[in-house]
Amino acid sequence: MRSQAMLWSALLLPLFLFLGQSSSQEFQGRMTCGRCDERLFCNCSSLNYQRIPRVTVVKVLTLDLSLNDITLVAEDDLREYRWLQTLDLHSNKIKNIQETSFILLEGLQSLDLSSNQLDSLSPVWFSKLLFLQNLNLLGNSYRTLGPEGKLPVFRFLNRLRTLRFGNPELEAVRRGDLAGVTQLNELEVYGNNLKRYEPESLGDLWPLGVVILHLRGPFQDDLDLVSSILHDVSNPKTFLVIADVLLTEEHSVRPLAETKERRVRSMLFRNSTLTDDAIVGFLKAMDGAPIEFVGTVDTLFQGTGSWFSARKTRHDNLDTVYLRNIQVVDAYRFTSFLNLWFLLKLLRQVSLINCKVFVMPCLTAHLLGSNLEYLDLSSNLLTDLTLKESLCHGSGVLRNLRVLNVSDNALKSLQLVSQLVVRMHKLVHLDVSQNAYSVMPRVCSWPLSLTHLNISWAKLRMVTSCLPWSLEVLDLGHNDLTFFHNVAFPALRELHLFGNKLMRLPPGSLFPNLEILLIQSNSLNMFGPGDLRHYKRLSELQAGQNSFVCSCEFVSFMVNMLGGPAEGSVELTDRPENYLCDSPLHLQDQRVDRVYLSVLECHRVLLVSTLCGFTLFLGILVVIVLWKLHVMWYVKMMWAWLKAKQKSRMRQNADGEADPLICYDAFVSYSERDVEWVEEFLVPEMENSQPPLSLCLHKRDFLPGHWIVDNIINSMERSRRTLFVLSEHFVHSEWCRYELDFSHFRLFDGNADAAILVLLEPISKDNVPKRFCKLRKLMSSRTYLEWPQDEEKRSDFWTKLRLAVRGEDEH
Ligand SMILES: *[C@@H]1O[C@H](CO)[C@@H](O)[C@H](O)[C@H]1NC(C)=O
Ligand SMILES: *[C@@H]1O[C@H](CO)[C@@H](O)[C@H](O)[C@H]1NC(C)=O
Ligand SMILES: *[C@@H]1O[C@H](CO)[C@@H](O)[C@H](O)[C@H]1NC(C)=O
Ligand SMILES: *[C@@H]1O[C@H](CO)[C@@H](O)[C@H](O)[C@H]1NC(C)=O
């Protein structure tokens with residue numbers, strides 16, 4: 001027994017192991033990534049993959065495998081990805097790419113292999129990537145671009161538009177390394193430790209649109225090498241970015257003279273350290289150069305701004321200065337820009353972004369004077385007070401300013417900023433977003449030229465007529481607005497209201513020219529064709545991320561809208577997955593265009609009202625039918641009968657009698673109007689006969705003090721027969737009807753011959769109302785005695801009647 005069990009477990013165990021392995025991890029350690037969306041984009045980033053995984057969809061277009069632990073790209077790893085357009089493998093640990101790994105990716109347009117551990121590059125990898133446009137090879141450990149004397153690495157990449165290569169290990173760039181690349185627009189070279197550069201290695205590429213050169217080492221050790229590179233890449237059309245450099249001496253900027261020769265117009269320093277000497281050196285080196293744009297980004301400035309020694313240099317073409325993220329080491333020693341008048345007076349566009357500027361003295365504004373058209377002081381430390389100084393108390397010094405950006409400062413008064421700009425008669429665009437505005441005053445004064453106003457990311461709660469009528473683009477996004485229905489903007493084309501608390505669309509009649517409305521992330525419950533109709537010219541709407549109530553009208557409307565531009569040609573330009581139902585509860589978080597609402601839910605009112613109507617109709621019909629058939633009357637009768645029966649039974653039980661005592665021969669049912677006949681003829685004839693017949697007459701024999709119905713029933717039960725004296729009066733008498741009816745019930749009780757009909761006057765059966773169907777039936781089923789008008793025949797009548805009452809036959 002035991003050995004058998006062991007055998008089984010020995011057989012089964014490997015099977016379980018195998019199953020367990022194959023469900024979590026594919027054969028050969030390849031996992032499956034399921035994070036793909038309907039745009040055929042698989043985001044398999046940051047999932048610790050060690051090999052390229054499979055994905056759950058076919059024909060993937062974009063595959064993001066960045067930030068994993070992949071070390072190897074093997075030959076077959078990408079076999080199922082032949083439709084790929086973008087492959088991102090940055091920040092892995094790839095050491096090895098087998099030669100034919102990319103061979104099937106013929107449609108690939110972007111390949112990112114940056115930040116890996118490749119120590120050599122092979123031309124064979126790229127030999128089939130004929131459509132590759134973007135290639136990033138930064139941040140690896142190769143020392144050259146392919147082995148010397150072999151096929152150039154990029155030989156086949158004729159369509160390459162963007163190429164980034166180099167790393168801290170890169171030692172040499174040789175002539176012919178970039179052979180084959182002919183249509184390049186953007187080139188980034190990381191050569192911070194570059195030792196060798198063969199002249200003209202990059203020379204065949206120009207004219208390049210953007211060149212980014214990381215040349216920290218060469219700028220320190222080998223200025224000739226730098227000159228040589230700058231000579232090759234510079235061109236009037238080139239935007240030149242020099243990164244990671246440390247420029248401290250006046251002579252260290254000497255190679256930049258090369259760009260003057262090549263007539264470069266735009267130059268930006270990035271992630272660099274600069275000193276006063278370097279800047280003076282730069283100004284001298286560029287003396288008389290055609291340079292128009294100078295900028296620095298992410299710069300450490302070690303200096304005091306004393307550049308006066310360069311005052312004789314000429315920079316007549318200088319137009320734009322762009323400074324962002326500058327850290328000034330000795331900020332408190334920094335002199336003002338006042339001695340830079342020779343530069344300031346030239347400038348048309350100045351950006352000082354995130355430079356810890358807390359004030360720009362009014363004098364500086366005077367120097368910038370009338371040339372300045374564009375001033376960006378965003379992300380600084382300006383307050384209402386210092387802004388007042390910076391704009392010279394609103395005296396209109398910067399009279400040609402067209403764009404003013406003071407976004408992301410510490411401004412609080414909207415009224416003040418309006419007063420400060422009101423004399424800038426050419427101001428078109430004012431960006432005061434990301435400030436601390438919390439109230440909008442009733443009235444403000446703005447220049448008439450103002451068409452673009454950005455007050456987003458503040459804390460405004462309502463909109464007033466402070467805002468100028470002239471606006472064409474208004475951004476009030478990310479405020480606390482709860483309603484917007486009181487101010488009209490006749491010229492407005494674009495309105496941004498995302499991230500507020502609006503419950504409904506603002507009335508379209510306020511914006512007769514509005515073309516674009518962005519109102520995502522508010523509290524809209526729904527909107528519909530009725531709301532959109534008033535927007536006469538609206539073509540683009542974004543309204544996702546609201547708490548929609550998915551009613552039937554709304555859902556069907558949205559299905560139409562999201563299906564494409566329909567009626568009114570308003571197009572929803574944000575993505576359908578932003579439109580989710582918030583209520584009803586069972587539809588929460590489902591996409592509005594995907595929910596299913598049943599007919600019951602959709603036409604509830606109609607359904608209920610139809611049902612109600614139908615029920616009402618049926619009820620009325622039933623009542624009519626009942627009335628026509630006198631059912632009520634019958635029911636009433638039946639009820640009275642049952643009650644009376646019950647009462648009499650109870651009485652019987654109380655009296656202890658088993659059977660009702662028969663004490664009359666006949667109960668006479670007659671109409672009050674026929675009393676004469678009964679008393680004059682019937683009673684004498686019957687009661688005086690031999691032997692006498694006893695009659696029960698209600699007038700004479702009913703027990704006083706009892707309910708009449710009880711009396712009737714009692715009397716009938718205690719009589720052997722019921723004699724109906726039929727006449728027109730009888731037919732119309734209510735009590736007679738009862739009596740007739742009770743006798744009918746007695747018929748059911750088994751007394752088949754209990755009823756005797758006497759026809760006092762000739763009434764045809766058809767004259768009897770239909771409801772007396774019983775009487776009619778009796779009349780037609782039973783022979784009745786007719787009261788003869790002829791006196792001679794009366795004795796015959798009496799004889800027959802007596803016989804009938806006694807229950808004997810004539811013979
Ligand atoms: C991909 O996923 C990563 C990690 O989950 C995320 O940080 C990243 O934003 C995603 N990328 C895109 C484009 O959605
Ligand atoms: C900036 O330059 C320094 C010095 O070369 C370098 O270490 C650093 O990585 C650079 N930073 C960025 C963001 O490129
Ligand atoms: C103003 O500056 C902010 C922050 O730097 C920026 O987002 C915005 O685009 C700028 N506005 C204009 C009109 O340039
Ligand atoms: C308004 O400013 C915000 C923040 O500075 C910016 O993101 C937004 O794009 C601007 N709006 C317009 C319409 O330019």
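Around ligand 2 in this predicted model stand four residues, namely N192, R216, D244 and N271. The protein covers 39% of the 360 Å² of accessible area that ligand 2 has on its own. The points below take up the surroundings of ligand 2, then those of ligand 4 and ligand 1, and end with a nonpolar patch on the surface that includes L629.

**Ligand 2**

- Sorted by character, the shell around ligand 2 holds no nonpolar residues, while two of its residues are polar and two are charged.
- One of the residues around ligand 2, N271, has a polar side-chain atom that lies 2.3 Å from an oxygen atom of the ligand.

**Ligand 4**

- The surroundings of ligand 4 are formed by S407, S433, Q434, N454, S456, W457, D475 and H496, and this shell divides into one nonpolar residue, six polar residues and one charged residue.
- Two side chains approach oxygen atoms of ligand 4: an N or O atom in the side chain of S433 is 2.9 Å from an oxygen atom of the ligand, and a polar side-chain atom of N454 lies 2.3 Å from an oxygen atom of the ligand.
- For D475 the partner is a nitrogen atom of ligand 4, which is 2.6 Å from an N or O atom in the side chain of this residue.
- Of the 360 Å² of accessible area that ligand 4 has on its own, the protein covers 59%.

**Ligand 1**

- Ligand 1 has R35, F41 and N43 around it, and the side chains of two of these residues, R35 and N43, each have an N or O atom for which a distance to an oxygen atom of the ligand can be given.
- That distance is 3.0 Å for the side chain of R35, and it is 2.5 Å for the side chain of N43.
- The protein covers 36% of the accessible area of ligand 1, which comes to 360 Å² for the ligand on its own.

**The nonpolar surface patch**

- F614, F617, L618, L621, V622, V625 and L629 together make a nonpolar patch of about 650 Å² on the surface.
- One member of this patch, L629, lies in helix α13, which runs over residues 604–629.
- Is L629 buried or exposed? This residue counts as exposed because its relative accessibility is 52%, and the cut-off for that class is over 50%.

Technical notes
Residues are numbered from 1 along each chain as its sequence is written. Chains are lettered from A and ligands numbered from 1 in the order in which they are written. This is a predicted model: local features need pLDDT of at least 70, side-chain atom pairs count only at pLDDT 80 or more; totals for chains, interfaces and linings use all residues. Side-chain values use heavy atoms; hydrogens and water are left out. Patches are made of residues with over 30% relative accessible area and no salt bridge: like charges are joined within 9 Å, nonpolar side chains (Val, Leu, Ile, Met, Phe, Trp, Tyr) within 5 Å. Accessible areas come from the Shrake-Rupley method with a 1.4 Å probe; for residues, only the protein chains shown count as cover. A salt bridge is a side-chain nitrogen of Lys or Arg within 4 Å of a carboxyl oxygen of Asp or Glu. Helices (H or I, at least four residues) and strands (E, at least two) are DSSP runs, numbered from the N terminus. Buried means under 20% relative accessible area, exposed over 50%, partly exposed in between (1.4 Å probe, protein chains only). A residue is near a molecule or strand if one of its heavy atoms lies within 4 Å of it. A polar contact is a pair of N or O atoms within 3.5 Å; within protein, one must be able to donate a hydrogen and the other to accept it, and residues adjacent in sequence count only if both atoms are side-chain atoms. Ala, Val, Leu, Ile, Met, Phe, Trp, Tyr, Cys and Pro count as nonpolar, Asp, Glu, Lys and Arg as charged, and the others, Gly among them, as polar.
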